[in-house]
Amino acid sequence: MTRPVVVIGAGLGGLVAAARLATRGKPVILLERLNRIGGVSGEWQCDGATYVRGSVEFMGGFYRGLERIGIGLPIHPVRARYHFGDQTLTLPPRLQELPFWARALPGTLSAALALGRSADGSLADALVGRSQAARTFLACFLQQGGLRFSDIQAADARSMVGHAREDGLHQPAIVEGGPQRLVDALAELGRQRGVQLRLGEELLKVEPGRVETRSGPIEVEAVLSSRPRWQDWTGPSTPGLALGQVLLWLHEIPPFPDGLDSLYRLPVDVDRWHAALTAGDWPPELGWSLVNPRLGPEPERRTLVGYLPVPAGADPAGILERLLAAMERLVPGLNRSIRAAKLLLPPEYRAIHGLAPTPIPSFPTGASRRPSYKNQETGELHMGTSVEPPSLYGAAVVRRALAIAEELP
């Protein structure tokens, strides 16, 4: 009797890996501890409104990876703008912003060269003495993942840059109708190809050739796992930043300026901002994002979602009011249209969704290293940031899931 491949975790990586394995003719059992699929992607309902659960924007490499397994969805290319002080950076760039690029790129390139020569340094080390424009430029691209300069070690930075084009970091887009369409399409593809999905399945033990669940043991050919390996790191690590989620239900969604889809606000002094968050303090100037997920015209789907890096344990009193005032300055008419507004902090997010709102829970420091994705003790082939360098838009999730699924004989 042919043994199945067990995939642990029905987030995007697990769904992609399961579908690809089934396409190759492997019998697949997909185990999910929660009673739903999608991980941090998809939709949920709160007090009559529909919101995205987490991930909204993905890059070109993500969608190309989906096309490899037979999923093509209508997508909307994203136009984003970063605000810092009285300056802006728009993607795709505008002509009037070229002077900022001219100031930012020399320092950015010199920092990149320093990282390329470094064995154990961090991006923070490489930015010492570089221009404020370079620091702001790089902070723009790290903000979405809740990343600080000190989080990015040289080896990780080289990996991220090496895969930047493959992952399509210059091609952001969102799924028309919201990320639930993506999750449902992956689930349906797996069902059509024979993937056996088991929701609410408690995993008890994994060992080579065998998985034990609350429902009983499974003899397996292989195990692909979304279970993290943080406890197996060599050397020290530092916690990642958590993100609070801003939920806005609107009577009508006011247009973003210049046809934009995403807005980001960064403090001018990004080093002070990072330091305050790390110390557990609210910084004098908040950094945040606001995204239109384009869920649809139905009244309950006229929602926006924002993200706010939050300091652990800090009193959130008054923060939502500060955020809404700042957002109103960039999207005039926003506050008049608000039907309901809520700031979902990490403990509440975890209680609702069963997942942490920390994009990357831990980062290596100094000589610390991630373990191999091949777990010799349990036999698992691990996916995720506990064994792979961080990535900002999920493209690496699909890339690694497909690579591991192809690796099995």
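Begin by selecting the hairpin of β6 and β7, where 2 residues lie between the strands and Gly85 takes a positive phi near 60 degrees. Bear in mind throughout that this is a predicted model. If you extend the selection to the whole of strand β6, residues 80-84, you will find that β6 runs antiparallel to β7 and is joined to it by 5 bridges. Pick out Ala80 next, and look across to Leu91, which is its bridge partner in β7.

**The sheet of 7 strands**

Keep the hairpin on screen and add the rest of its sheet, which is open, has mixed pairing, and follows the order β7-β6-β16-β17-β18-β15-β19. The edges are taken by β7 (87-91) and β19 (338-344), and because each has a single partner strand, one side of each is left without a neighbour in the sheet. Going from one strand to the next, you should see a twist that averages 15 degrees.

Now move to the β19 edge and select β15, residues 242-250, which pairs with β19 in the antiparallel sense over 6 bridges. Within this pair, Leu250 stands opposite Ile338 of β19. Add helix α12, residues 346-353, which packs on the sheet and touches β15, β18 (303-310) and β19, while its direction makes about 100 degrees with that of β19.

**Ser337**

Stay in this region and select Ser337, whose place is in helix α11, residues 334-337. Is Ser337 buried or exposed? Its relative accessibility is 10%, so Ser337 counts as buried. To see what surrounds Ser337, display Trp249, Leu250, His251, Glu252 and Pro254, which it touches when residues up to four places away in sequence are not counted. A distance label between the C-alpha atoms of Ser337 and Leu248 should read 9.5 Å, although the two residues are 89 residues apart along the chain.

**Helices α2 and α13**

Turn next to helix α2 (residues 60-68) and helix α13 (residues 395-407), and display them together. Two packed helices are described by the angle between their axes and the distance between the axes. For this pair, the axes come within 7 Å and cross at roughly 35 degrees, and the crossing in which α2 passes α13 is left-handed. On the α2 side, select Gly61, Phe62, Gly65, Leu66 and Arg68, and on the α13 side Ala395, Val398, Leu402 and Glu406, since these residues make the contact. Colouring them by character will divide the residues of this contact into 5 nonpolar, 2 polar and 2 charged.

Hide α13 for a moment and look at α2 by itself, where Gly60, Gly61, Phe62, Tyr63, Gly65 and Leu66 are buried. What covers these buried residues of α2? The elements to bring back include α1 (12-23), β5 (75-77), α7 (164-167), β8 (173-175), α8 (179-192) and α13. Before leaving the helix, select Gly70, which follows α2 and has a positive phi, near 100 degrees.

**Ser41**

The next stop is Ser41, found in the loop between β2 (28-32) and β3 (43-46). With a relative accessibility of 1%, Ser41 counts as buried. Leaving aside neighbours within four places in sequence, the residues to display around Ser41 are Leu12, Arg53, Ser55, Phe58 and Val183, with which it is in contact.

**The sheet of 3 strands**

Select now the open sheet whose 3 strands have the order β10-β11-β12, with antiparallel pairing. Here β10 (203-207) and β12 (216-219) stand at the edges, and as each has a single partner strand, one side of each is left without a neighbour in the sheet. Neighbouring strands of this sheet are turned against each other by 15 degrees on average, direction ignored. Looking at β11, residues 210-213, you will find 4 bridges in its antiparallel pairing with β12, and Thr213 has Gly216 of β12 as its bridge partner.

**The whole chain**

Finally, zoom out to the protein chain, whose secondary structure comes to 13 helices and 21 strands. Its radius of gyration is 21 Å, close to the 22 Å that the globule rule gives for 409 residues, so the chain is as compact as a globular protein of that length. The C-alpha trace spans about 65 × 55 × 40 Å along its principal axes, and buried residues make up 56% of the 409 residues. A contact map completes the tour: among contacts between residues at least 6 apart in sequence, 74% join residues at least 24 apart.

Methods:
Residues numbered from 1 in each chain as written. Predicted model: local features only at pLDDT ≥ 70, side-chain atom pairs only at ≥ 80, totals over all residues. Heavy atoms only, no water. Pairing = 2+ DSSP bridges. Axes fitted to C-alpha atoms, helices over the stretch in contact; angles between N-to-C directions. Contact = heavy atoms within 4.5 Å. Left-handed = near helix turned anticlockwise from the far one by under 90°. Nonpolar A, V, L, I, M, F, W, Y, C, P; charged D, E, K, R; others polar. Buried < 20%, exposed > 50% of the residue type's maximum accessible area, 1.4 Å probe, protein only. Rg over C-alpha atoms; globule rule 2.2 N^0.38 Å.
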